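This report walks through a two-chain model, moving from one helix to the contact between the chains and then to selected strands and a buried loop residue. Please keep the sequence and the 3D view open while reading.

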Amino acid sequence: MKGRISGLVIAASLVLLAGTAMADTIKIGVAGAHSGDLASYGLPTVNAAKLVVDEVNAKGGIDGKQIELLIQDEECKPEKATNAATKLISDGAVVVLGHICSGATKAALPIYTEAKLVCMSPSATNPELTQSGQYPTFFRTIASDDAQATLGAEFAINTLGAKKIAVLHDKGDYGKGYAEYAQQFITDGGAAEVVLFEGVTPGAVDYSAVVQKIRKSEADVVMFGGYHPEASKIVAQLKKKRVEVKFISDDGVKDDTFIKVAGADAEGVYASGPQDVSSLEMNKAARAAHVAKFNAEPGAFFDNAYAAIQALVNAIDKADSTDSAKIMEALRTENVDTSVGTIKFDARGDAEGVGFSMYQVQGGKYVVVQ
Amino acid sequence: MDWQYLAELFLGGLTRGSIYALIAIGYTMVYGIIELINFAHGEIYMLGAFTGLIVASVLGILGFPPAQILILAALAAIIYCAGYGYTMEKIAYKPLRGAGRLSPLISAIGMSLFLQNYIILAQTSDFLPFPSLIPEFAFLDPVAHIFGSSNFVIVLTSSVSMAALTVFIKYTKMGKAMRATAQNRKMAMLLGVNADKIISITFLLGSSLAALGGVLIASHVGMVNFAVGFLAGIKAFTAAVLGGIGSIPGAMLGGLFLGLSESFATGYISSDYEDVFAFTLLVVFLIFRPSGIMGKAKVEKV
């Protein structure tokens with residue numbers, strides 16, 4: 001046993017030596033769940049990184065320097081994530097792609113912040129990660145959990161001109177979260193007011209009392225957080241009771257089953273859903289490259305991870321430096337074409353141009369309206 | 001005081017209450033006769049909605065007008081579900097009639113799970129759209145924002161079927177035999193009442209009303225799913241207990257009471273607490289008046 005450990009130590013030192021020997025490589029850390037229950041969320045990111053890096057290296061690397069990937073598994077466990085972060089920093093990573101889960105990312109971020117290392121997650125959606133302002137070196141290529149609520153509320157106020165908004169939810173985590181973010185956004189903005197905030201009981205035999213309450217509140221827009229079965233009952237009863245309001249909901253409603261069940265009542269309903277990126281040329285190319293190299297369809301967050309590594313490589317290239325401040329400057333100013341479209345990052349680290357679109361039911365189909 | 005809002009909530013609660021009452025009668029009749037809480041009753045309601053959907057789809061393709069479809073679909077659902085109720089009693093409850101109170105109760109829960117899973121396998125676990133079969137009445141048009149055609153049809157159908165049931169139980173020979181069986185099954189049998197037949201009829205009637213409720217409500221809310229019977233069943237059961245389980249007028253009153261309470265609680269407090277309110281009422285009743293509004297306190301024989 002002892003012999004094996006010292007063998008490992010020797011092997012590790014050799015690797016380290018080899019690392020120092022090739023000092024002119026640019027090292028990019030990749031951290032996330034690569035084993036364990038959540039490996040399926042993390043491994044596609046590793047594949048995406050390999051694909052992009054191989055392509056860049058084949059073309060001569062960044063300004064003549066080859067890119068080397070440092071891959072760290074942390075199983076989405078916060079305590080392992082801090083170790084992985086420390087290891088990546090001591091191994092000389094200039095940027096980190098990861099982490100995957102919001103919890104692990106949150107645990108690792110103080111370490112990257114301390115070391116002033118750029119960290120970009122393809123999948124951590126917890127709103128606080130960017131909004132708290134505590135982690136200035138953090139970026140992400142996925143929309144945060146509150147993005148849909150923000151989009152919905154903005155759409156209601158700016159596009160539909162709503163002054164009074166009724167916010168409903170189905171009391172579940174997803175729906176209630178959406179409703180709470182929407183309420184907060186509307187209240188903070190001050191351009192409209194929340195006239196009703198209510199949870200409805202999923203599966204109830206009718207919603208007429210809530211519908212009457214909506215009428216009484218004189219709302220011009222109803223925002224609903226939840227899933228399609230309740231949404232279709234509510235829109236049907238609004239129509240039956242002749243309450244003239246616009247209805248905005250979330251990804252749980254942007255489902256063809258909603259249109260099938262609600263039928264004619266679904267017409268005109270707005271719902272937000274992920275942007276459709278599958279028709280982008282770069283997205284098709286990335287997916288085809290994945291199939292060619294790994295002989296399988298890409299998995300979860302592959303698009304976001306592919307875009308993240310593209311953005312990182314581009315920023316290092318444009319910054320002509322591995323200095324974090326210059327890389328961050330490039331991330332915030334340079335538009336980059338990625339597999340999820342042309343993006344750059346805002347001051348908080350969220351990607352502009354990534355996220356949700358607003359759809360409306362028109363003629364029995366969801367059509368993009370914004 | 002906003003009288004119009006009050007009226008809106010009252011009429012909404014009336015509709016909801018009529019639905020509960022229609023289902024609650026099935027619970028209370030079965031309990032009255034064999035002291036069994038038939039937990040599969042909510043599933044009969046769900047089966048009624050599904051049968052109605054299938055028949056309505058076929059008739060819709062054949063080009064019948066909505067009102068005729070509604071009547072035919074409701075009739076088909078009633079007949080089909082009455083058959084289910086009858087068979088269910090023969091398979092799941094009759095063999096356990098002498099076996100204490102717990103065994104048939106467990107059998108009822110099993111029956112409920114069986115029927116739900118049967119629908120998942122035979123039909124689908126998805127939500128299905130239910131056509132809006134209740135026609136829009138012109139005379140209700142001015143008040144449709146408060147009390148629409150479907151509310152009207154639901155309240156009217158419930159009232160008529162409950163009145164018919166009351167007449168049947170009070171004034172027919174069969175009704176008399178039913179009351180006798182409910183009071184004392186052994187004595188009724190000694191006097192020549194065929195208790196097996198009475199129990200079968202009870203299940204037939206209760207299931208018919210549940211099926212009727214299923215079709216009306218599915219048409220009112222516009223969708224069906226294998227799980228719709230669960231919450232409706234629990235609420236109707238609560239209504240039956242509030243009214244005094246075993247008493248038919250009690251089930252009607254209990255249903256209306258529960259529906260109105262829920263509607264007012266939603267309207268004046270918050271719909272977040274709709275269920276909390278319903279079940280708090282149940283607990284309060286169980287503590288202070290366990291026999292319900294119309295039920296008679298039972299004297300245990302020593």
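Which residue follows α8(A), and what is its phi? The residue is Glu218(A), whose phi is positive, near 55°.

The model is predicted, so local features need pLDDT of at least 70 and side-chain atom pairs count only at pLDDT 80 or more, while totals for chains, interfaces and linings use all residues. Residues are numbered from 1 along each chain as its sequence is written, and chains are lettered from A and ligands numbered from 1 in the order in which they are written.

**Helix α8 of chain A and the contact**

Helices (H or I, at least four residues) and strands (E, at least two) are DSSP runs, numbered from the N terminus. Of the ten residues of α8(A), eight are buried, a term for residues with 20 or more other C-beta atoms within 10 Å of their own, as against exposed (12 or fewer) and partly exposed (in between), with C-beta atoms placed from the backbone. Among those buried are Val210(A), Val211(A) and Ile214(A), as well as Lys213(A) and Arg215(A). Their cover includes β6, β7, β8 and α9 of chain A together with α1 and α10 of chain B.

Contact here requires C-beta atoms, placed from the backbone, to lie within 7 Å. Between the chains, 26 residues of chain A and 29 residues of chain B take part. On the chain A side, β7, α8, α9 and α10 each supply at least two residues, and α8(A) gives the largest share, with six. By class, that side has eight nonpolar, eight polar and ten charged residues; Ala, Val, Leu, Ile, Met, Phe, Trp, Tyr, Cys and Pro count as nonpolar, Asp, Glu, Lys and Arg as charged, and the others, Gly among them, as polar.

**Strands around β9 of chain A**

Strands pair if DSSP finds at least two bridges between them, and β9(A) has the two parallel pairings tabulated here.

| Strand pair | Bridges | A bridge partnership |
|---|---|---|
| β8(A) and β9(A) | four, parallel | Val221(A) with Lys246(A) |
| β9(A) and β10(A) | two, parallel | Ser249(A) with Ala271(A) |

Helix α9(A) joins β8(A) and β9(A) in a right-handed β-α-β unit, and the crossover from β9(A) through α10(A) to β10(A) is likewise right-handed; the term applies if, with the strands pointing away from the viewer, the path from the first strand over the helix to the second runs clockwise. Within β9(A), Lys246(A) and Ile248(A) point one way and Phe247(A) and Ser249(A) the other way, and all are buried.

**Chain B and Gly222(B)**

Chain B has eleven helices and two strands. Its radius of gyration, taken over C-alpha atoms, is 19 Å, close to the 19 Å that the globule rule gives for 302 residues, so chain B is as compact as a globular protein of that length; the rule is 2.2 Å times the number of residues to the power 0.38. Buried residues make up 51% of chain B.

Gly222(B) lies in the loop between α8 and β2 of chain B, and is buried, with 25 other C-beta atoms within 10 Å. Leaving aside residues up to four places away in sequence, Gly222(B) touches Ser232(A) and Ala236(A) from chain A, and Pro129(B), Phe130(B) and Ser132(B) from chain B. Although Ser132(B) is 90 residues away in sequence, its C-alpha lies 6.3 Å from that of Gly222(B).

Methods
Contact = placed C-beta atoms within 7 Å.
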